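Reader: I have just opened this one and would like to go through it slowly. Please start wherever you think best.

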Number of protein chains: 2
Amino acid sequence: MTVRQDVHSSGTPVLCQSCEARHHGVCGALDPDQLMGLAKTSSKHTVEPGAELIGDTEAVDSYSNVLSGVVKLTKSLSDGRQQIVGLQFAPDFLGRPFKVESAINAEAATAVSLCSFPKAAIERMMKESPELEHRLLKQTLNELDEARNWMVTLGRKSASEKVASFLLMIARNIDPALDPSAQSTSFDLPLTRADIADFLGLTIETVSRQLTRLRSDGVIRIENNRHVTVDNLNRLQRRSGA
Amino acid sequence: MTVRQDVHSSGTPVLCQSCEARHHGVCGALDPDQLMGLAKTSSKHTVEPGAELIGDTEAVDSYSNVLSGVVKLTKSLSDGRQQIVGLQFAPDFLGRPFKVESAINAEAATAVSLCSFPKAAIERMMKESPELEHRLLKQTLNELDEARNWMVTLGRKSASEKVASFLLMIARNIDPALDPSAQSTSFDLPLTRADIADFLGLTIETVSRQLTRLRSDGVIRIENNRHVTVDNLNRLQRRSGA
DNA sequence: CGGCAGCCTTGATTTCGGTCAAAGCCGCCC
DNA sequence: GGGCGGCTTTGACCGAAATCAAGGCTGCCG
């Protein structure tokens, strides 16, 4: 579904001067001088689940790297119907270059730690550093690819295929190190049933019923409503509609 | 739904040396020397509706600007279910920089004229010209925005809202000069009912029924199954779910 | 002109997922 | 412990859209 590995494949994680963590993303594209400049105004911080990171209400003047946790990108219709249009995992980049008008919301789905940079600083650097813009282009192409893959799921898959696809997608993203040939895996769901429904274009009840079915069919196990174990990834994949 | 104007807002149409037409897109980002170099290997050509422009079968080694007509981007599940994940209108750019793996198909929905460049030439120039990459980034961000908007339509709108949204989207894109405050408009549908169904995640029959309803409710008129007239765009918009 | 092929529309029926309603579970705080 | 609130599950029923099945329109070609 995704080819996340490709995004930041160029180069190893870089010691970010500002948040003092080793991570990919923006920092990796900057030379030491630029990093120094950026460090003065950037900062690492952590937010609770539910915290709004980008809203149509407030203008946002910063970009961030997601260091850990999951951020959901949502859009709403005027009557309140909501759709999650993307999930950002570490080490994705969060922000809207060139102020593309889009009325998108970003909210922490889990506890999230971020490394943020002021918008002005990044935009200035983007003019100077083609490498930075190149990385952004790659991430954006990747997000576009994911969005289009998800459009197939939304438009053409049945409820049970949608839920299976969702579980696979999460399994692949939560643990980026997951061997693509792995046969089993185990992870915490970063979303509530309501979020999953908003992501899949379903209702809470339908999501719950499909999870129950996967459980009683022995495809998955769930503990505490959050922790999912998949013993046979192939079985799940067969139910995802390919 | 879209902010197409922004994409190519930087600069006026440029006389493309290769296809000898004035257009935006790639050419506008190149200096005269680069254009000259490109002209040697690029060409303008026209294809019939149904022609496959990018397929998972054959490797594609060129990029193109769409000069006129409509190109549909599709994805399919293994059992044949299909979803249209995007439409490209002039002056959109067609191609996959950096070979992002995505199993996408591109097919001419109408007669299409293109100005094509060999992949190698463009990629070489992208390394030299940050401006070119900048344009690509802008178009990609725009496509991402459109894809995410469409995800809301696919996931959360009813069949009648989907069809209304589709008509509005086409009206806004077919005639880029359409005044956003215009009250009425008229255009040819670039897609068959089957294509519209694949775009909206519906069946042919449902699309047909919804069009019939819009017609009998006096919101639209249709001649020859293709030519649509909307006398009151606001009425259509109210049915699109906003 | 006549027949055929490709689209499109319309109607009857089925079904998947939504809606409405109730109850369970679990953690939390008094 | 007990009660409360939020999230989840389950059940009964309903309805929007899919499916199945004709039939119509148009343009093309013999």
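**Strand D, strand C and the sheets**

Reader: Which atom of DNA strand D is 2.8 Å from the side chain of A:Thr212?

Author: A phosphate oxygen of DNA strand D is 2.8 Å from an N or O atom in the side chain of A:Thr212, which fits the cut-off for a polar contact, a pair of N or O atoms within 3.5 Å. Please keep in mind that this is a predicted model, in which local features need pLDDT of at least 70 and side-chain atom pairs count only at pLDDT 80 or more, while totals for chains, interfaces and linings use all residues. Residues are numbered from 1 along each chain as its sequence is written, chains are lettered from A and ligands numbered from 1 in the order in which they are written, and side-chain values use heavy atoms, with hydrogens and water left out.

Reader: ok, and what else touches the phosphates of strand D?

Author: A:Ser208 has a polar side-chain atom 2.8 Å from a phosphate oxygen of DNA strand D, and on the other chain an N or O atom in the side chain of B:Thr203 is 3.0 Å from a phosphate oxygen of that strand. Two or more residues of the surface near DNA strand D come from each of α6 (193-200) and α7 (204-216) of chain A and α7 (204-216) of chain B, and α7(A) gives the most, with six residues. Here helices are DSSP runs of H or I with at least four residues, and strands are runs of E with at least two.

Reader: How many residues are around DNA strand D, and which come nearest?

Author: There are 18, of which A:Ser208, A:Thr212, B:Ala159, B:Thr206 and B:Arg209 come nearest, where near means that a heavy atom lies within 4 Å. Among the atoms of DNA strand D within 4 Å of the protein, 63% are from sugar or phosphate, and the rest are from bases.

Reader: now strand C, which residues come nearest there?

Author: Of the 17 residues around DNA strand C, the nearest are A:Ala159, A:Thr206, A:Arg209, B:Ser208 and B:Thr212, and sugar and phosphate make up 63% of the atoms of DNA strand C that come within 4 Å of the protein. The side chains of B:Ser208 and of B:Thr212 each place an N or O atom 2.8 Å from a phosphate oxygen of DNA strand C, and a polar side-chain atom of A:Thr203 lies 3.1 Å from one. The elements giving two or more residues to this surface are α7 of chain A and α7 of chain B, with α7(B) giving the most, six residues.

Reader: switching topic, why is β10 of chain A largely enclosed?

Author: Strand β10 (residues 112-118) of chain A has six of its seven residues buried, so the rest of the structure largely encloses it; buried means under 20% relative accessible area, with a 1.4 Å probe and protein chains only.

Reader: Which strands pair with β10(A)?

Author: Strands pair if DSSP finds at least two bridges between them, and β3 (residues 43-47) of chain A pairs with β10(A) in the antiparallel sense over five bridges, with A:Ser43 opposite A:Ser116. Strand β5 (residues 62-68) of chain A is also antiparallel to β10(A), over six bridges, and A:Ser62 stands opposite A:Pro118.

Reader: What order do the strands of the open sheet have?

Author: The three strands run β11-β13-β12 (chain A), with antiparallel pairing. Because β11 (185-188) and β12 (220-223) of chain A stand at the edges with a single partner strand each, one side of each has no neighbour in the sheet. β12(A) and β13 (residues 227-230) of chain A pair over four bridges, and A:Ile222 stands opposite A:Val228 in β13(A).

Key
A polar contact is a pair of N or O atoms within 3.5 Å; within protein, one must be able to donate a hydrogen and the other to accept it, and residues adjacent in sequence count only if both atoms are side-chain atoms. Buried means under 20% relative accessible area, exposed over 50%, partly exposed in between (1.4 Å probe, protein chains only).
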